[in-house]
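This report describes a few residues and helices of one protein chain. Look at the structure first, then read on.

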Amino acid sequence: MASAKLLKKVYSINELHNTLDNIAADDRIRIEDMTDNQIIGEAKYVLDLFLEGGTVQSEMLDSDCPDERKEARGQIRRLKSLIKTFQ
């Protein structure tokens, strides 16, 4: 079961939260029932999506919209912090 401190951080990272919502729906479980290790693994995956080309997440970094680029950089920063803190 995921720790409350980890879940609080998860909910502040849109792309990670969306990914975990999709997994939870597919597996018919709640995000809260996932283990910390599962969530950290997904956080690493989402971070990779931002850093590799050809994904919606990486396109956010190259967007013409400054607000979208700022949001992407913020999510990357929060993902790195989450991984470092809980790994």
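## Glutamate 71 and the nonpolar core

In this predicted model, glutamate 71 is partly exposed because its relative accessible area is 30%, which lies between the cut-offs of 20% for buried and 50% for exposed. Glutamate 71 sits in helix α5, which covers residues 66-86. Leaving aside residues up to four places away in sequence, glutamate 71 touches Asn14, Met60 and Arg78. Glutamine 38 is 33 residues from glutamate 71 in sequence, and the C-alpha atoms of the two are 24 Å apart.

Helix α3 comes next. Helix α3 has 16 residues, 36-51, and spans 23 Å from its first C-alpha to its last, close to the expected 22 Å. Its buried residues are Ile39, Ile40, Ala43, Val46, Leu47, Leu49 and Phe50. These buried residues pack against the four helices in the table.

| Helix packed against by α3 | Residues |
|---|---|
| α1 | residues 4-10 |
| α2 | residues 14-27 |
| α4 | residues 56-61 |
| α5 | residues 66-86 |

Which residues have the most contacts inside the largest nonpolar core? They are Leu16, Ile39, Leu79 and Leu82, in a core of 23 residues. Helices α1, α2, α3 and α5 each supply at least two residues of this core. In soluble globular proteins, nonpolar side chains tend to be buried together.

Leucine 82 touches Leu6, Lys9, Val10, Ile13, Leu16, Ile40 and Ala43, again not counting residues up to four places away in sequence. Among these contacts, Ile40 and Ala43 are buried residues of α3.

Key
Residues are numbered from 1 along each chain as its sequence is written. This is a predicted model: local features need pLDDT of at least 70, side-chain atom pairs count only at pLDDT 80 or more; totals for chains, interfaces and linings use all residues. Side-chain values use heavy atoms; hydrogens and water are left out. Buried means under 20% relative accessible area, exposed over 50%, partly exposed in between (1.4 Å probe, protein chains only). Contact means heavy atoms within 4.5 Å. The expected span of a helix is 1.5 Å times one less than its number of residues. A nonpolar core is a set of buried Ala, Val, Leu, Ile, Met, Phe, Trp, Tyr and Cys residues joined through side-chain atoms within 4.5 Å.
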